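Biologist: I would like a close look at one part of this protein, taken slowly and with the reasoning laid out. Please start from a charged residue and work outward from there.

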Amino acid sequence: QPKSSVHFVVGVDPSSDTDEVTLSPLSFAFNEMDWRTPKTVTITGMPDNIIEVVDPLVSIDVAINDPSTFDMEYKVLPKQQVNVTNIDIDKPGIKVLDTTLRTHESGSSATFRFALNSIPEKNVSVDLVIGDATEGALGTGQAATIVFVENAPITTEYTVTIVGVDDNIDDGDITYTIQTLPSISQDANYNSINPIDVVVVNEDDDTAGVSITTPGDPDGNLPATNVYETSETGTAQEFIIKLMTQPENP
């Protein structure tokens, strides 16, 4: 039984990584009445989004708060230490968000995003390959290689823009793939990771047909009867015939 209140402070030892755990409470006290009642300190592991080869060991110091304790038998006691291992759960990985897209031959665009599962120690790059360049292309200014720089925050996302390409062929909606090649990095955890490919549907805007016009009426406003007169004197009528789309075969 103490002669007066005994105050304690709790903290992560300076030799340990202070970001690995949180403590609650950071201080407590025993008095002459409740000294038999144990006190509880909660140690909570904190995420750091870093892949660690060895689970970090954290030392927790429990020491007498000297200025607040006047019982000399307790005041001189050395600090006690509790060691805790914070189990690492971070894994390498490259996430592809929005993996099914739609564009239009009119030139409308769509986007998808890349993100990492953890913080890389070195740059991580991924090359993109358009599976059908007649249907889709990277947006203006869009690089064909995405790069996450070393120590990039876990919240970093890389957005890729895809634009529909017009081919003037009545070929219907075409599905193609944007291939994401295996990653390249000097960080062994992030080298040779193959992200999910992205599927894109480019909607067609072409309809096969034949346009018939006359030289004096290029807009094609032919009469409903489509009847024109010629003469035995040699009067002729010219027609201009055009295809509305590019044929795939003769």
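Modeller: In this predicted model, Arg102 has a relative accessible area of 47% and is therefore partly exposed, since that class lies between the buried limit of under 20% and the exposed limit of over 50%. Arg102 is a fitting place to begin, as its side chain meets that of Glu203 in a salt bridge, at 2.7 Å from N to O. Glu203 belongs to strand 16 (residues 198–203) and Arg102 to strand 8, so this pair ties together parts of the chain that are 101 residues apart in sequence. Glu203, at 26% relative accessibility, also counts as partly exposed.

Arg102 has a salt bridge with Asp173 as well, where the N to O distance is 3.7 Å. This pair again links distant parts of the chain, 71 residues apart, with Asp173 in the loop between strand 13 (157–164) and strand 14 (174–180), and Arg102 in strand 8, which covers residues 100–104. Asp173 is partly exposed, because its relative accessible area is 44%. As a general matter, side chains of opposite charge can pair when their charged atoms come close.

The structure holds 9 salt bridges in total. One of the others joins the side chains of Lys3 and Glu73, at 4.0 Å from N to O. Here too the partners come from distant parts of the chain, for Lys3 sits in the segment before strand 1 (6–12) while Glu73 is in helix 1 (residues 72–75), 70 residues away. Lys3 counts as exposed, because its relative accessibility is 63%, and Glu73 is likewise exposed, with a relative accessible area of 56%. Elsewhere, Asp13, Asp61 and Lys79 are linked in a network of salt bridges.

From the charged pairs we can turn to the nonpolar interior. The largest nonpolar core has 21 residues, and those with the most contacts inside it are Ile94, Phe112, Phe114 and Ile178. The elements that give two or more residues to this core include strand 13, strand 14 and strand 16, together with strand 7 (94–97), strand 9 (109–116), strand 10 (124–130) and strand 12 (145–148). The largest share, 4 residues, comes from strand 9. Leaving aside its neighbours within four places in sequence, Ile94 is in contact with Phe114, Ala115, Leu116, Val124, Val126, Ser183, Tyr190, Ile193 and Pro195. Apart from this core lies another, of 12 residues, among them Val6, Val10, Phe28 and Ile60.

Leu116, one of the contacts of Ile94, also appears in the lining of the largest cavity, along with Ser118, Ile119, Pro120, Phe148, Ala152, Pro153, Ile154 and Thr156. About 40 Å³ of space lies in this cavity, and the count of cavities of 30 Å³ or more comes to 1. By class, the lining has 7 nonpolar and 2 polar residues, and no charged ones.

Two of these lining residues, Ile119 and Pro120, are also touched by Asn151, which in addition touches Glu121, when residues up to four places away in sequence are not counted. Asn151 is found in the loop between strand 12 and strand 13. Asn151 and Pro120 are 31 residues apart in sequence, while their C-alpha atoms are 5.3 Å apart in space.

Technical notes
Residues are numbered from 1 along each chain as its sequence is written. This is a predicted model: local features need pLDDT of at least 70, side-chain atom pairs count only at pLDDT 80 or more; totals for chains, interfaces and linings use all residues. Side-chain values use heavy atoms; hydrogens and water are left out. Buried means under 20% relative accessible area, exposed over 50%, partly exposed in between (1.4 Å probe, protein chains only). A nonpolar core is a set of buried Ala, Val, Leu, Ile, Met, Phe, Trp, Tyr and Cys residues joined through side-chain atoms within 4.5 Å. Contact means heavy atoms within 4.5 Å. On a 1 Å grid over the protein atoms alone, a cavity is a set of points where a 1.4 Å probe fits but cannot get out, and a pocket is an open set with protein on both sides within 12 Å along at least five of seven lines; lining residues have an atom within 4 Å of a point. Grid points are joined across faces, edges and corners, and a volume is the space filled by probe spheres set on the points. Ala, Val, Leu, Ile, Met, Phe, Trp, Tyr, Cys and Pro count as nonpolar, Asp, Glu, Lys and Arg as charged, and the others, Gly among them, as polar.
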